[in-house]
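Here are a few exercises to work through with the model open beside you. Try each task yourself before reading its solution.

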Amino acid sequence: YNITVNCTARDFAGNYMDQDGNGTGGQWPSDVLVWSFTTTDRSPYVISTVPADGQVDVDPNKPLKIMFSERMNASSVEAAFFFTNGTGILNGSHGLVYWNGERTEFTFSPAEPLGRNMTHTAGLNGTLARDYGGKTLEGGNYSWSFRTWLEPPAPPGGRGNRRAHG
């Protein structure tokens, strides 16, 4: 959209617009106000997740995150969120939910650590998750899977640095 407000525009007191701020309003073209913007009607989509889809050796104590392309309706995303290890489907009520200030990053911390050495699937019901304008997720339902570790990885440098004393 291109918006133009002519220099003949007046305020309630009858003063002409002084867009260039020189103290004299109504001068053409310096007092004409012009701006442009673009709108989009694209549906929101998931930019990335933590852990990533297909990631292995994931710490079962870490939170899950979903980053969105735009500001989301928090309550709709919370209602749409689920996760499972194949033995039952759990939702956001099984832990704590956090949002960043822009409502573009959803974080879920499970109340209990995820099962070790298991494949977990997390996702969103695409008919429930909506942006602030009410648009549902692009592509419908969204899900991703990852595998937790059996044991934490060894610390850098390993344990073979000890010297024998004698």
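## Exercise 1: the open sheet

An open sheet of 4 strands runs in the order β3-β4-β8-β7, and its pairing is antiparallel. Strands here are DSSP runs of E with at least two residues, helices are runs of H or I with at least four, and both are numbered from the N terminus. Two strands pair if DSSP finds at least two bridges between them.

This is a predicted model, in which local features need pLDDT of at least 70, side-chain atom pairs count only at pLDDT 80 or more, and totals for chains, interfaces and linings use all residues. Residues are numbered from 1 along each chain as its sequence is written, and side-chain values use heavy atoms, with hydrogens and water left out.

**Task.** Work out which strands stand at the edges of the sheet, and why one side of each is left without a neighbour.

**Solution.**
1. β3 and β7 are the edge strands; each has a single partner strand, so one side of each has no neighbour in the sheet.
2. On average, neighbouring strands of this sheet are turned by 15° against each other, direction ignored. The axes behind this angle are lines fitted to C-alpha atoms, for helices over the stretch in contact, and angles run from 0 to 180 degrees between N-to-C directions.
3. Now take β7 and β8: they pair in the antiparallel sense over 5 bridges.
4. Trp99 stands opposite Phe106 in β8.

## Exercise 2: the core

**Task.** Find which residues of the largest nonpolar core touch the most other members.

**Solution.**
1. A nonpolar core is a set of buried Ala, Val, Leu, Ile, Met, Phe, Trp, Tyr and Cys residues joined through side-chain atoms within 4.5 Å. Buried means under 20% relative accessible area, exposed over 50%, and partly exposed in between (1.4 Å probe, protein chains only).
2. The core has 21 residues, and those touching the most other members are Ile66, Phe68, Val77, Phe81, Phe106 and Leu124.
3. At least two core residues come from each of β4, α1 (74-80), β5 (81-84), β8, β9 (119-124) and β10 (142-147).
4. Leaving aside residues up to four places away in sequence, Phe68 touches Trp99, Phe106 and Leu124, among others; contact means heavy atoms within 4.5 Å.

## Exercise 3: backbone in the loops

**Task.** In the loop between β3 and β4, locate a residue other than glycine with positive phi, and a cis peptide bond.

**Solution.**
1. Asp57 lies in this loop, and its phi is near 60°. Asp57 is exposed, at 55% relative accessible area.
2. Pro51 is also placed there, and the bond from Val50 to Pro51 is cis, with omega near -5°.
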